[in-house]
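Trainee: I'm new to this one and I'd like a close look at a single part. Could you walk me through the salt bridges?

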Amino acid sequence: MEILWLALVALMLATYVLLDGFDLGAGALHWFVAKTEEERRSVLRAVGPFWDGNEVWLLAAGGTLYFAFPKLYASGFSGFYLPLMIVLWLLIFRAISIELRSHVDSPLWKPLWDVLFCLASSLLCVFLGAALGNVIRGVPLSSDGYFFLPLWSDLGLGPEGVHTADAGILDWYTILIGLLALGSLVQHGAWWLAVKTTGAVYHRARAWADRVWWAVVALLVVATAVTFAVQPRVLENFREMPWGVIFPLVALVGLLGIRFLRNRGNETRVFLASCVFLAGMLLSAVFGIFPYVLPANTNPDLGLTVYNTTTSEYGLRVGLFWWIPGMLLAASYFVYLYRRFPGKVDLDEPGY
């Protein structure tokens, strides 16, 4: 049951990244691919019907984490309190940027919200990537399972590389993972814009996607090599369970698929290849630190695992009984939503 619930939480987080990731990436590109009012409306129309629904998966994953892994929820949400508040404010600024932009017809009002939309989306990509970097790197857990980290100290991991309690939430490694997340989601969002828009926005989005692909490849190579040094558990897991290499291979197939399919005349397939790449990366990270869900970087024995953070067996079984219909309902809504707004955006329709 513990492994099943870990898989379900990973599935919901991956779904959030794949869905909300494209509108985060599109938001980060908003200021660069759209130059006129009509073009900016096209970008907003491309994400407008979907962005708030996509965030449901983040809430669902948080709720499931609270139910299935209460100790991990308590430790993580208390230790990462400050960055979580920053993420919350960025989500708020991003939401009101979309919703309030069209309320006042002013040459100052709309550019203000456009800049905030782009900035909040970009910083969310970086902070979400840095959060993953913290989970992979580990945190200074105490014997009671709790920890505290400043937002940053000197941006270093300490003289011994990783075994230090002085590193902050932002250090050179977590910033590296944050930049990789930014590049990956910008690429993801660019291909979504290529699927949904036409004209100048379409061509600029494709140009950005082609440029960012090379940056993602470079960052991925560096981040992979550094991760093996920062978190030795990752390499150990792949040595002990070589079948797990399927996850990075899935990511590699997705990444190469983006490059191979980009000139085949079907942007939807390229976008799906981007989904495969992101899913493979996330599953590789989960597999790499297993059975830990939050490693300790000072004493590995204090790390939180999938086994010492779950609720009771009875609770997990009862929860599964309610989780299945709830997720089927959510999935049905998303099928309806994406079938309701197919194809290219139409600016003649009301809204955004």
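Mentor: Sure, and keep in mind that this is a predicted model. A search of the whole structure turns up 11 salt bridges. Let's start with Glu-39 and Arg-204, whose closest N and O atoms are 2.9 Å apart. This pair links distant parts of the chain: Glu-39 sits in helix α2 and Arg-204 in helix α9 (residues 199–230), 165 residues apart. Helix α2 itself covers residues 37–47.

So is Glu-39 buried or exposed? Its relative accessibility is 13%, so Glu-39 counts as buried, because buried means under 20%. Arg-204, on the other hand, has a relative accessible area of 26%, so that partner is partly exposed. Have a look at what surrounds Glu-39, too: leaving out residues up to four places away in sequence, it touches Val-33, Ala-34, Ala-200, Val-201 and Arg-204. The link to Arg-204 also shows up as a polar contact between the two side chains, at 2.9 Å.

Next, find Glu-55 and Arg-94, another salt bridge, with the closest N and O atoms 3.3 Å apart. Here, too, distant parts of the chain are linked: Glu-55 is in the loop between α3 (51–54) and α4 (56–68), while Arg-94 is in helix α6, 39 residues apart. Glu-55 counts as buried at 16% relative accessibility, and Arg-94 is buried as well, with a relative accessible area of 1%.

While you're on helix α6, which spans residues 81–100, notice Ile-92. At 34% relative accessibility, Ile-92 counts as partly exposed. Together with Leu-88, Trp-89 and Phe-93, Ile-92 makes a nonpolar surface patch of about 380 Å². So helix α6 holds a buried Arg-94 and also a partly exposed Ile-92.

Back to the salt bridges, and on to Arg-262 with Asp-210, where the closest N and O atoms are 3.2 Å apart. Arg-262 lies in the loop between α11 (246–261) and α12, and Asp-210 lies in helix α9, so this pair ties together parts that are 52 residues apart in sequence. Asp-210 has a relative accessible area of 22%, which makes this residue partly exposed. Some salt bridges share partners, and in that way Glu-37, Arg-40, Arg-101, Lys-110 and Asp-114 are joined into one network.

If you want a thread to follow by eye, try helix α9: Arg-204 there pairs with Glu-39 of helix α2, and Asp-210 there pairs with Arg-262 from the loop between α11 and α12.

Notes. Residues numbered from 1 in each chain as written. Predicted model: local features only at pLDDT ≥ 70, side-chain atom pairs only at ≥ 80, totals over all residues. Heavy atoms only, no water. Patch = residues over 30% accessible without salt bridge, like charges linked within 9 Å, V, L, I, M, F, W, Y side chains within 5 Å. Areas by Shrake-Rupley, 256 points an atom, 1.4 Å probe, with all protein chains shown as cover. Salt bridge = Lys/Arg side-chain N within 4 Å of Asp/Glu carboxyl O. Helix = DSSP H or I, 4+ residues; strand = E, 2+ residues; numbered from the N terminus. Buried < 20%, exposed > 50% of the residue type's maximum accessible area, 1.4 Å probe, protein only. Polar contact = N/O pair within 3.5 Å; in protein donor to acceptor, adjacent residues only side chain to side chain. Contact = heavy atoms within 4.5 Å.
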